[in-house]
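Me: I've got a model open and I'd like to learn to read it feature by feature. Could you walk me through it?

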Amino acid sequence: MNCPECGKTVGKFSKFCKYCGVNLDDVRSMSYKDKLWKGRIDRKNYFAATLLVILALIVIDVTIIIVARSLKISENNLVLFAVNTVVNYVITFYYTISLDIRRAHDLGHSWKYVLLGFIPIYGIYINLRFLFDVGQDSPNKYGPKPSGKWMVRRSLGF
Ligand SMILES: [Zn+2]
């Protein structure tokens, strides 16, 4: 198997990764939910994962339009519009909020910090912090400092 933290090949039954030191037992026992809502994420993985979510939204939108056309459903169909909107919102909220929460953790704040991002104008500042601020240099109560490696797939819980 590959270490989910650094991506290097590690023994199937190893307790720790010999390259980055992550506790593999902890990682194995982590649920999908834990991966999305706990721990920390650094700037570059936050940025890449957010881009990936946007890309996924575009792909989904295009797919819905292609399917609608092949079924001869008008693109102005209200049901189609509703389905598309709901799908977009669910994906956007689920993933971007989970990414925001882990970025807040990385900056040393609880999940509530993400709520500030919804305040008009001031929220822009919060979201810019998520994009550009360097995370805390040491382990904090939300987890160890992110390794600095690319881990976009894991950032999205896969
Ligand atoms: Zn590792």
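Me: Let's start with a single residue: in which loop does Ile-121 lie?

Reply: Keep in mind that this is a predicted model. Ile-121 lies in the loop that runs between helix H5 (113-116) and helix H6 (122-132).

Me: What is the sign of phi at Ile-121, and about how many degrees is it?

Reply: The general idea comes before the case. Most residues other than glycine have a negative phi. Ile-121 isn't a glycine, yet its phi is positive, about 65°. As for its surroundings, Ile-121 counts as exposed because it has 6 C-beta neighbours inside 10 Å.

Me: Which loop holds Lys-72, and is Lys-72 buried or exposed?

Reply: Look between helix H3 (43-70) and helix H4 (78-106): that loop holds Lys-72. Lys-72 is exposed, since there are 6 other C-beta atoms within 10 Å. Its phi is positive as well, about 60°, although Lys-72 is not a glycine. Lys-72 comes just after H3. There's a glycine to look at too: Gly-108, just after H4, takes a positive phi of about 90°.

Me: Let me zoom out. How many helices and strands does the protein chain have?

Reply: The count is 7 helices and 0 strands, and along the sequence the pattern reads α-α-α-α-α-α-α. The C-alpha trace spans about 55 × 40 × 20 Å along its principal axes. Of the 158 residues, 20% count as buried.

Me: How do I check the length of a helix, say H4, and what distance separates its end C-alpha atoms?

Reply: Compare the end-to-end distance with the span you'd expect at 1.5 Å a residue. H4 has 29 residues and should therefore span 42 Å; its end C-alpha atoms are 41 Å apart, which agrees. Try H3 next: its 28 residues reach 41 Å from first C-alpha to last, close to the expected 40 Å.

Me: Which residues of H4 are buried, and what do they pack against?

Reply: A handy idea for reading a helix is that residues three or four places apart point the same way, because an α-helix has 3.6 residues a turn. In H4 the buried residues are Tyr-95, Ser-98, Leu-99, Asp-100, Ile-101, Arg-102, Arg-103, Ala-104, His-105 and Asp-106. Those buried residues pack against helix H2 (32-37), H3, H5, H6 and helix H7 (152-155).

Me: And which residues of H3 are buried?

Reply: In H3 they are Asn-45, Tyr-46, Ala-49 and Thr-50. Their cover includes H4, H6 and H7.

Me: Which residues make up the largest nonpolar core?

Reply: In soluble globular proteins, nonpolar side chains tend to be buried together. Here the largest nonpolar core has 7 residues: Ile-41, Tyr-46, Ala-49, Tyr-95, Leu-99, Ile-126 and Phe-130. H3, H4 and H6 each supply at least two residues of this core.

Me: If I click on Ile-41, which residues is it in contact with, leaving aside its neighbours within four places in sequence?

Reply: With those neighbours left out, the contacts of Ile-41 are Tyr-46, Leu-99, Arg-102, Arg-103, Asp-106, Pro-146 and Ser-155.

Me: Now for sequence distance against distance in space. How far apart are Gly-143 and Arg-40?

Reply: Gly-143 and Arg-40 are 103 residues apart in sequence, but their C-alpha atoms are 6.4 Å apart in space. Gly-143 is found in the loop between H6 and H7 and counts as partly exposed, with 14 C-beta neighbours inside 10 Å. Beyond its neighbours within four places in sequence, Gly-143 is in contact with Gly-39, Arg-40 and His-105. Then try Phe-118, in the loop between H5 and H6. Phe-118 and Tyr-32 are 86 residues apart along the chain, and 26 Å separate their C-alpha atoms.

Me: What share of the contacts with a separation of 6 or more comes from residues 24 or more positions apart?

Reply: For the protein chain, that share is 57%.

Me: Last one: which domains does the assignment give?

Reply: The domain assignment gives domain 1 (1-30) and domain 2 (31-155). Their contact takes 6 residues from domain 1 and 7 residues from domain 2. On the side of domain 1 that touches domain 2, the residues divide into 4 nonpolar, 1 polar and 1 charged. Taken over C-alpha atoms, the centres of domain 1 and domain 2 are separated by 25 Å.

How values were computed:
Residues are numbered from 1 along each chain as its sequence is written. This is a predicted model: local features need pLDDT of at least 70, side-chain atom pairs count only at pLDDT 80 or more; totals for chains, interfaces and linings use all residues. Helices (H or I, at least four residues) and strands (E, at least two) are DSSP runs, numbered from the N terminus. A residue is buried if 20 or more other C-beta atoms lie within 10 Å of its own, exposed if 12 or fewer, and partly exposed in between; C-beta atoms are placed from the backbone. A nonpolar core is a set of buried Ala, Val, Leu, Ile, Met, Phe, Trp, Tyr and Cys residues joined through C-beta atoms within 7 Å. Two residues are in contact if their C-beta atoms, placed from the backbone, lie within 7 Å. Domain bounds come from an automatic or database domain assignment. Ala, Val, Leu, Ile, Met, Phe, Trp, Tyr, Cys and Pro count as nonpolar, Asp, Glu, Lys and Arg as charged, and the others, Gly among them, as polar. The expected span of a helix is 1.5 Å times one less than its number of residues.
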